[in-house]
Amino acid sequence: MVTGIATNRLPARNDAAESAILAAIWRALADVADPELPTVSIVELGIVRDVARVGDEWIVTVTPTYSGCPATRIIESDIRTTLAAIGENVRIVTALAPAWTTDWIAPEGRQKLRDAGIAPPHPVTREGWLDSQPITFARSRPAVRCPNCGSLKTAELARFGSTPCKAQYRCGECLEPFDLFKAH
Amino acid sequence: MTASPPATLDAERFDYLLRLADNGLVLAQRLGEWVGKGPVLEEDIASTNVGLDLLGQARLWLAYAGDVEAANGSPARSEDDLAYFRDSADFRNLLLVEQPNGNYADTIARQFLFDQWHVLLLGQLTLSRDDRIAAIAAKAVKEVRYHVERSADWVVRLGDGTPTSHSRMQAAIDGLWMYTGEMFSVDATERTLIDAGIAADAAALQQTWQSLVRTVLDEASIVVPADPFMQGSRSRGGKQGLHTEHLSRMLAEMQVLPRSYPDARW
């Protein structure tokens, strides 16, 4: 794995064969499921940032979700396995900046999360200026909609859930517990 | 590929990266000690998830430290080499984060005092002239914003909870307060890097930190300790490798496996 900030890439050659390979790589990547949220793909989660031809290899730029997410290495190995089938020379580059945000999760991805009983993340509002605001218990907290019945009468049970990217909630209407994908 | 860091100040930069890394590494190890024995299942999971974020951040800092060292002609050390094969005098973490877990109020108090500082520090580091430091900080600060919300909430829950939880939280804050001065001390290493636009000026964060912490402690009905002796700017401490006895005991457990079986893989 190469850790870097951005890829220095050459302009892609624009011939038809190359576009076909590029499209095939994206199609293949769209089939790579997130290991911890198998209903969504790594493309829908915004983990794949770029695919580009550099010299005689294809550079797939990915970005980690959380610094300590145990899925990161599994995702890389899944990408490698999937793209091996295409027979091209592929290199995976990890880009730290810009930092991954749940705002990059595509609308289809959000719907799939909801269908799987996971409340999708609300837009990221916790901008830097809030860092100098005190974190009072009485602060306003985002309204979370129950993915099962649509009610807003929900309450947080725990800040963390089954994976680092989720929190545990309970619906006060249908009484079902559910996961919230944390806005990040 | 990696944006190459300016080739100057490598010794200072290496030391500073260890300070950033070791705070995360040591606190992650402490939080890991709660695995399987948290007070409630949800907190067991939360503590270790916070630890996981901090460990991930520490790996990014350590990897960069290893690269800086190697660029300077020293033999390249991996993140694992730096984590497992340095002794306590070579660790650069704050004294606060190496303090034992104690009861859950002690753990939460330590976490809140650190988180509130960490979020301010990382916010400043996103502006670093060193692109790689800025990139790691921009990633980490998002995680730490979530950490401080959780630890602040627990300070209030326990401080404003039962008489027992209140007295334990008060005792925890009283006991840890003396270690907070060190967070704002700036030594020659940091001064050089601050002047170069690489490090954050920790001293400039003190007032903001105090006011944010006071607000939460007030809400938790916890009395802010009157300033006792503090590990402060004129003394040397964890950032210079002078640690409390707790660190070497913790490292003994953390490092025993790779030191006993240097080729161990899993």
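Helix α9 of chain B covers residues 206-219 (helices are DSSP runs of H or I with at least four residues, numbered from the N terminus), and its 14 residues should span 20 Å at 1.5 Å a residue, in agreement with the 20 Å between its end C-alpha atoms. The expected span is 1.5 Å times one less than the number of residues. This is a predicted model, in which local features need pLDDT of at least 70, side-chain atom pairs count only at pLDDT 80 or more, and totals for chains, interfaces and linings use all residues. Residues are numbered from 1 along each chain as its sequence is written, while chains are lettered from A and ligands numbered from 1 in the order in which they are written.

The table sets out the two kinds of residue in this helix. A residue is buried if 20 or more other C-beta atoms, placed from the backbone, lie within 10 Å of its own, and exposed if 12 or fewer do.

| Class in α9(B) | Residues |
|---|---|
| Buried | W209(B), L212(B), V213(B), V216(B), L217(B) |
| Exposed, on the face turned away from the buried side | Q207(B), S211(B) |

The buried residues of α9(B) fall within an arc of 130 degrees seen down the axis, so they line one face of the helix; the arc is taken from the directions from the helix axis to the C-beta atoms. Their cover includes α5 (104-125), α6 (131-159) and α7 (163-176) of chain B. After α9(B) comes S221(B), with a positive phi near 50 degrees.

Leaving aside neighbours within four places in sequence, W61(B) is in contact (C-beta atoms, placed from the backbone, within 7 Å) with L17(B), L20(B), A21(B), G24(B) and I136(B).

Note on methods:
Helix = DSSP H or I, 4+ residues; strand = E, 2+ residues; numbered from the N terminus. Contact = placed C-beta atoms within 7 Å.
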